[in-house]
Amino acid sequence: MDCSCKPLQRSFFLPPPDEVAPRLLGKILVGGGGRGGGAELRARIVETEAYLGQGDTAAHAARGLTRRNAPLFGAPGHAYVYLIYGMHFCLNVSTCAAGTAGGVLFRAAAWLSPEAGLAGSLSGPGRLCAGMGITLEQNGSDLTGRGGLHLADDGWRPPEIAVTRRIGIRQAAELPLRFVIAGHPAASGPRGWR
DNA sequence: CAACCGATCACCT
DNA sequence: GGTGATCGGTTGC
């Protein structure tokens, strides 16, 4: 394609989540079509949330390392996918150096290219994963690669970024760790939080 | 080993 | 605005 897109390198994901999360806005999420299979899916990230490690009781990593949340403690730039409420998948990318937990949840994206409308919206973590075909299969995979699921930068920058509380959590709900491209129609959450 | 609950969404009232 | 669907991880017995 016309890819002036560069994959994000590992150093991009080294800072803490609250620093990486806003920087991910406007970047491109590229979904592998699957082995030998479908077209490459591309969407621009419009909404993210930061989940810290120790001290952030809303984070899966808050209670220490487990088999499930291991990717959050691993090397930066890797996928952490989990199943929520038995039906929805959520995609995170790990940040911070190996040994330190941190992650950024992808909450919403906007289709680039022809998939728009056909596969439904990508507004909301569950729909984002459904639309991009993300399942537990991608859990732990390296998002800085060029093949399969990865992240890229085409130089586009969001005009304005809004910061709010995180959505859908009870613990530590007051922290301003949700980042959204201001006024973007593909953002999720309550009106007035865009 | 069993019970509980969650970083959600769609549909109902 | 409220709740059911549905299941893996964590916790407690």
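These exercises look at a predicted model of a protein with DNA strands.

**Exercise 1. Describe the largest pocket: its volume, its lining and the elements behind that lining.**

Step 1. Start with the volume. The largest pocket holds about 810 Å³ of space.

Step 2. Go to the lining. It consists of 33 residues. Nearest the pocket centre are His-60, Tyr-82, Ile-84, Gly-168 and Ile-169.

Step 3. Assign elements. Two or more lining residues come from each of strands S3 (41–51), S4 (79–84), S5 (88–94) and S6 (103–111), and from helix H3 (125–132).

Step 4. Sort the lining by class. There are 14 nonpolar, 13 polar and 6 charged residues.

**Exercise 2. Find which residues come nearest to DNA strand B, and list polar contacts to this strand.**

Step 1. Take the residues around the strand. There are 17. Tyr-85, Asn-92, Arg-127, Gly-168 and Ile-169 come nearest.

Step 2. Locate their elements. S4, S5, S6 and H3 each give at least two residues to this surface. H3 gives the largest share, with 3 residues.

Step 3. Split the DNA atoms. Within 4 Å of the protein, 49% of the strand B atoms are sugar or phosphate, and the rest belong to bases.

Step 4. Look at a base. A side-chain N or O atom of His-60 is 3.3 Å from a base nitrogen of strand B.

Step 5. Look at the phosphates. Gly-168 places a polar backbone atom 2.8 Å from a phosphate oxygen of strand B. For Pro-125, a backbone N or O atom lies 3.1 Å from a phosphate oxygen of that strand.

Step 6. Classify the surface. It has 8 nonpolar, 6 polar and 3 charged residues.

**Exercise 3. Do the analysis for DNA strand C: which residues surround it, and what share of its atoms within 4 Å of the protein is sugar and phosphate?**

Step 1. List the neighbours. Arg-63, Thr-66, Arg-68, Leu-83, Tyr-85, Gly-86 and Met-87 surround strand C.

Step 2. Split the DNA atoms. Sugar and phosphate make up 68% of the strand C atoms within 4 Å of the protein.

Step 3. Pick out a contact. Thr-66 has a polar side-chain atom 2.3 Å from a phosphate oxygen of strand C.

Step 4. Classify the residues. This surface has 3 nonpolar, 2 polar and 2 charged.

**Exercise 4. Work out which side chains of strand S9 (residues 161–164) are buried, and how S9 pairs with S10.**

Step 1. Follow the alternation. Ala-162 and Thr-164 point to one face and are buried. Ile-161 and Val-163 point to the other face and are not buried.

Step 2. Add the partner. S9 pairs with S10 (residues 178–181) in the antiparallel sense, over 4 bridges.

Step 3. Match a position. Opposite Ile-161 stands Ile-181 of S10.

How values were computed:
Residues are numbered from 1 along each chain as its sequence is written. Chains are lettered from A and ligands numbered from 1 in the order in which they are written. This is a predicted model: local features need pLDDT of at least 70, side-chain atom pairs count only at pLDDT 80 or more; totals for chains, interfaces and linings use all residues. Side-chain values use heavy atoms; hydrogens and water are left out. On a 1 Å grid over the protein atoms alone, a cavity is a set of points where a 1.4 Å probe fits but cannot get out, and a pocket is an open set with protein on both sides within 12 Å along at least five of seven lines; lining residues have an atom within 4 Å of a point. Grid points are joined across faces, edges and corners, and a volume is the space filled by probe spheres set on the points. Ala, Val, Leu, Ile, Met, Phe, Trp, Tyr, Cys and Pro count as nonpolar, Asp, Glu, Lys and Arg as charged, and the others, Gly among them, as polar. A residue is near a molecule or strand if one of its heavy atoms lies within 4 Å of it. A polar contact is a pair of N or O atoms within 3.5 Å; within protein, one must be able to donate a hydrogen and the other to accept it, and residues adjacent in sequence count only if both atoms are side-chain atoms. Buried means under 20% relative accessible area, exposed over 50%, partly exposed in between (1.4 Å probe, protein chains only). Two strands pair if DSSP finds at least two bridges between them.
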